[in-house]
Structure formats: structure tokens, C-alpha cells
Amino acid sequence: HRRRWVWKRRRVWKRRSERRFNNELPAKATLATAVMHLQYHNLMQGVLGQPMCPGALLVGEKGTGKTAAMSCAQAFIGKKDVSAKLGVELSLPVLSASLQLQAGLTYVIDEVATHQSLKNEQGTRLYKNLVHMCYDGTTRGVMQTDTSIGCTEPRTSFIATANVVPLFYDPPSVERVLHIHFKPLEGGHTDGAKTVEQSAVWKATMEMMSCVMPDFAALVYNGHLDKSAIIDCCSYMNAVCGVSYQRLCNMWGFLLYYMLLLEFIAMGNKDSVTHIFEWATFECYKQYKLVAKNSTVLLKFLKAVKLL
């Protein structure tokens with residue numbers, strides 16, 4: 001199969017992240033999230049009994065590869081020549097309409113939040129609405145007309161970048177989005193120094209990314225999502241954090257499932273699978289502890305006062 005040859009022989013899964021140096025796994029997680037969003041409609045049917053499809057927030061300093069990873073997700077859905085939306089300038093009507101029209105295709109947002117935008121209520125409210133709409137499938141009410149049913153229903157989720165973690169003091173929002181952290185590049189190459197040859201390979205990879213998307217949209221088991229495998233991944237993540245059922249652990253279980261699935265298709269070895277388990281386990285536990293730390297009433301009060 002020609003598209004399988006592109007993925008396997010051209011090493012798309014490896015090449016899409018090898019230039020990100022020590023951010024290989026965050027880059028792979030970004031692409032796995034885009035693959036997961038192809039099943040947005042099925043995930044919202046409630047694989048675990050509760051509808052859920054988390055978005056992903058790529059967090060890190062400048063020059064760490066966040067934009068490149070986001071651009072790869074954009075190329076994967078066939079929009080390599082389409083610029084990402086600037087998050088701080090989006091309005092709720094534009095955002096909700098876009099999430100409705102772009103069914104199953106990741107909605108990519110650049111700079112969804114900045115230190116300045118989070119200082120005003122409008123900026124924090126917009127991001128919070130985005131997270132809850134995508135994860136829970138909640139709708140935005142509008143005027144009912146001959147051409148409108150009275151609401152805008154999200155049909156996909158998002159991948160966004162930011163240099164700051166928005167609403168870190170609001171656990172309900174934090175535990176509804178995957179925080180994928182990009183570390184500073186090793187060796188002091190904070191500008192992500194690229195050679196001409198690497199740039200040519202990266203451009204060629206982006207050109208053919210979308211050709212494998214139809215195959216990944218069909219990654220189901222007997223016509224349905226592989227419920228047993230997804231539940232196993234979610235149960236593992238819940239056990240790691242010492243809980244029986246927690247939505248933050250469940251969404252990391254979803255991501256683990258899709259990362260392992262893509263690694264299997266790329267014929268990864270034992271070491272690469274182990275690295276995925278170690279990275280996803282650590283990131284899930286770290287985010288879980290962040291939520292637990294910021295859940296006390298006193299701490300939330302002090303942080304709210306600080307924002308005044």
C-alpha cells in the first residue's frame with residue numbers, strides 16, 4: 001500500500017520529530033492528538049461512559065519546536081498552506097463557528113494565551129469556553145432562524161500553543177486539556193538551528209503528511225473504536241495516580257493509546273515503546289499533582305487575589 005510505504009519507509013513518524021532534538025515525544029504526542037481528533041464524533045459517544053475529547057496545549061519557551069509541531073498537525077489534515085489562527089484575537093462567535101464547520105479535523109490556534117491576555121476577563125473566559133466546549137461538547141446558544149438551529153455544536157477539538165499555562169489555578173479547566181510541555185533545546189540551540197538539508201527533508205515531509213490522514217481516520221476495530229484497549233490505557237493512567245476514575249487520567253490514557261498505535265504502525269522497537277510509556281506516565285502524574293495542589297480553597301483564593 002503506497003500510503004503505508006510513505007509512513008513506514010519514509011519514516012514520517014520519526015522524521016516529524018527527530019529535528020526537535022529532546023522534544024521528540026512531545027512532538028509525537030502532538031501528531032497523536034491530531035489523529036485522535038479524527039474520531040471526535042465517536043469519542044463523544046462516550047467510550048468510558050462519559051463523552052470526552054480533550055484539546056492539547058503546547059507549552060514551552062520560544063524556539064522549542066511548538067510551532068513546528070503545530071504546523072505538522074496542520075499539514076496532517078491537509079492545510080499545510082493555511083496559517084494558524086491567532087488565538088488572542090479570536091472571538092467566541094468565530095471560534096464556535098469554526099469548531100462546528102471543521103468536523104473531525106483539528107482546529108489549530110497559535111498563541112491562544114499570553115501574559116497580557118490573561119490579565120483581562122475576556123481572555124481567560126474565551127480560553128475556558130474553548131476548553132469546555134471541545135472536551136464536553138457543550139454548545140453555544142444563538143438566535144434560531146430559518147438557517148440556524150439555535151446553537152453551534154463543536155465537532156472537533158483543538159491544538160494550541162502558548163508560552164504560559166492559562167488558568168493554572170482553575171482545576172476544572174486544567175484537567176480538561178492535555179498540557180504537552182516542550183523543553184529548551186539541548187546544546188544551547190534555543191533558535192532550533194537547522195541545516196539546509198534538514199529543512200528540505202522537513203518541507204518534503206510536510207508535503208506528504210496529509211496523504212496518510214484517510215488511513216488513520218479509518219483506524220477502528222470491527223467498525224468501532226477499540227474500547228478494550230482504550231480502557232486498558234485509561235485504567236493504567238488512573239492506577240499511576242492512585243485513583244479509580246479521573247478525567248485527567250482518562251484523557252492521558254486516550255493519548256497513550258494513540259501514541260502506541262502510531263508507534264506500532266511505524267514498527268517501533270521495544271525501547272521506543274518504553275520511552276512512550278515513561279514519558280506519558282510522568283506527564284500525566286505531573287499534571288495530576290498540579291491539579292491536586294491547586295484545588296485547595298485557600299490557594300485558589302490567594303491566586304485569585306493576586307490576579308486583581
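Which residue takes a positive phi just after H12? In this predicted model, that residue is Met-267, with a phi of about 55°. The helix that precedes Met-267 offers a convenient entry into the structure, and the account returns to it after a short overview.

The chain comes to 14 helices and seven strands in its secondary structure. Of its 308 residues, 49% count as buried. Among contacts in the chain with a separation of 6 or more, 78% are between residues 24 or more positions apart.

Helix H12 runs over residues 247-265 and holds 19 residues. From the first C-alpha to the last, H12 reaches 27 Å, close to the 27 Å expected at 1.5 Å a residue. At its N-terminal end, H12 is capped by Gln-246, which places a side-chain oxygen 2.6 Å from the backbone nitrogen of Leu-248. H12 is also mostly covered, with 17 of its 19 residues buried.

Leu-262 leads from here to an earlier part of the chain. The C-alpha atom of Leu-262 is separated by 9.3 Å from that of Leu-31, although the two are 231 residues apart along the chain. Leu-31 belongs to helix H3, residues 24-37. Is Leu-31 buried or exposed? The relative accessible area of Leu-31 is 0%, and the cut-off for buried is under 20%, so Leu-31 is buried.

A second helix to consider is H5, which spans residues 66-76. H5 is mostly covered, nine of its 11 residues being buried. Among the buried residues of H5 are Lys-66, Met-70, Cys-72, Gln-74 and Phe-76. After H5 comes Gly-78, whose phi is positive, near 90°.

The loop between strand S1 (55-60) and helix H5 contains Thr-64. With a relative accessible area of 3%, Thr-64 falls under the 20% limit and is therefore buried. A polar atom of the Thr-64 side chain lies 2.8 Å from the backbone oxygen of Glu-61. When residues up to four places away in sequence are not counted, Thr-64 touches Asn-23, Phe-182, Lys-183, Pro-184 and Leu-185.

One of these partners, Phe-182, lies in strand S7, which covers residues 177-182. His-179 has its place in S7 as well. The relative accessible area of His-179 is 3%, so this residue too is buried. Which residues does His-179 contact beyond its neighbours within four places in sequence? They are Leu-57, Tyr-127, Val-165, Val-174, Trp-252, Glu-283 and Gln-287. Of these, Leu-57 lies within the range of strand S1, and Trp-252 within that of helix H12.

Tyr-127, a contact of His-179, also takes part in lining the largest cavity. Rolling a probe the size of a water molecule over the atoms shows where empty space is left. A search of the whole structure finds one cavity of 30 Å³ or more, and the largest cavity has a volume of about 40 Å³. Its lining is formed by Gly-87, Leu-90, Leu-95, Ile-109, Val-112, Leu-126, Tyr-127 and Leu-130. Helix H7, residues 121-136, gives the largest share of that lining, three residues. By class, the lining has seven nonpolar residues, one polar residue and no charged residues.

Conventions. Residues numbered from 1 in each chain as written. Predicted model: local features only at pLDDT ≥ 70, side-chain atom pairs only at ≥ 80, totals over all residues. Heavy atoms only, no water. 1 Å grid on protein atoms, 1.4 Å probe; cavity = no way out; pocket = protein on both sides within 12 Å on 5 of 7 lines; lining within 4 Å. Points joined across faces, edges and corners; volume = space filled by probe spheres on them. Helix = DSSP H or I, 4+ residues; strand = E, 2+ residues; numbered from the N terminus. Nonpolar A, V, L, I, M, F, W, Y, C, P; charged D, E, K, R; others polar. Expected span 1.5 Å × (residues − 1). Buried < 20%, exposed > 50% of the residue type's maximum accessible area, 1.4 Å probe, protein only. Polar contact = N/O pair within 3.5 Å; in protein donor to acceptor, adjacent residues only side chain to side chain. Contact = heavy atoms within 4.5 Å.
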